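Colleague: I would like a close look at a single part of this model. Please take me through it step by step, and keep the sentences short.

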Amino acid sequence: MISLKHLEVVAAAIEYDNKILCMQRNKAKYDYISYKFEFPGGKVELGEANHEALERELREEMDMDISIREEDHIITVEHIYPDFAITLHTFLCKVKSPDFKMKEHISFQWLPVEEMGKLDWAAADKPIVEYLQKHRS
């Protein structure tokens with residue numbers, strides 16, 4: 001049996017003015033995640049707490065300085081893609097300003113939760129959209 005590479009990742013559902021930030025990926029190594037929408041975040045490094053990893057990723061990818069607490073965690077998703085598996089820890093982050101620099105993504109939209117389903121989401125992010133629609137609308 002072949003074991004898939006497993007990634008521990010974090011994501012932010014960033015909320016401003018009752019809208020959530022939806023980011024569109026660039027072309028990726030795998031077609032099934034290329035150009036899909038996702039919540040910003042990234043990989044957890046060895047020895048890093050999930051909320052600290054997310055703070056670092058948002059600074060690196062978007063120049064967003066957000067203070068995230070462990071209690072801001074809302075949902076963890078386990079997903080198996082064809083080439084790797086992920087455990088995705090998602091945090092709800094409210095910001096005072098919608099400003100950021102888009103360094104790695106190709107586009108973004110701020111959407112009310114009830115409109116988020118119209119986007120083409122990466123498979124692992126779909127349960128997060130569903131969670132937000134159930135709990136934030």
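Modeller: What follows starts with one helix, then turns to a strand residue and the aromatic rings. Keep in mind that this is a predicted model.

Start with helix 1, which covers residues 50-62. Does its length add up, or what should 13 residues span? At 1.5 Å a residue, the expected span is 18 Å. The end C-alpha atoms lie 18 Å apart, so the two values agree.

Next, how enclosed is helix 1? Ten of its 13 residues are buried, so the rest of the structure largely encloses it. Buried here means under 20% relative accessible area. The buried residues include Ala-53, Leu-54, Leu-58 and Met-62. Charged names are on the list too: Glu-55, Arg-56, Glu-57 and Glu-61. Asn-50 and His-51 complete it. In general, an α-helix has 3.6 residues a turn, so residues three or four places apart point the same way.

What covers those buried residues? The cover includes strand 1 (5-16) and strand 2 (19-24). Strand 4 (41-43) and strand 6 (84-94) also take part. Just after the helix comes Asp-63. Its phi is positive, near 55 degrees.

Now follow strand 6, one of the covering strands. Thr-87 lies in this strand. With a relative accessibility of 5%, Thr-87 counts as buried. Leave aside residues up to four places away in sequence, and Thr-87 touches two stretches. One is His-6, Leu-7, Glu-8 and Val-9. The other is Thr-76, Val-77 and Glu-78.

Last, look at the rings. There are eight aromatic pairs by the ring-centre rule. One of them joins Tyr-32 and Tyr-81. Their centres are 5.5 Å apart, with 20 degrees between the planes, and the pair is stacked. This pair links distant parts of the chain, 49 residues apart. Tyr-32 sits in the loop between strand 2 and strand 3 (37-38). Tyr-81 sits in the loop between strand 5 (73-80) and strand 6. Tyr-32 is partly exposed, at 23% relative accessibility. Tyr-81 is buried, at 7%.

Another pair is Phe-100 with Phe-108. Here the centres are 4.9 Å apart and the planes meet at 70 degrees, which makes the pair edge-to-face. Phe-100 is buried at 18% relative accessibility, while Phe-108 is partly exposed at 36%.

Finally, return to the tyrosines. Ring pairs join Tyr-30, Tyr-32, Tyr-81 and Phe-84 into a cluster.

Definitions and conventions: Residues are numbered from 1 along each chain as its sequence is written. This is a predicted model: local features need pLDDT of at least 70, side-chain atom pairs count only at pLDDT 80 or more; totals for chains, interfaces and linings use all residues. Side-chain values use heavy atoms; hydrogens and water are left out. Helices (H or I, at least four residues) and strands (E, at least two) are DSSP runs, numbered from the N terminus. The expected span of a helix is 1.5 Å times one less than its number of residues. Buried means under 20% relative accessible area, exposed over 50%, partly exposed in between (1.4 Å probe, protein chains only). Contact means heavy atoms within 4.5 Å. Rings of Phe, Tyr and Trp (its six-membered ring) pair if their centres lie within 6.5 Å; planes under 30 degrees apart count as stacked, over 60 as edge-to-face and the rest as tilted.
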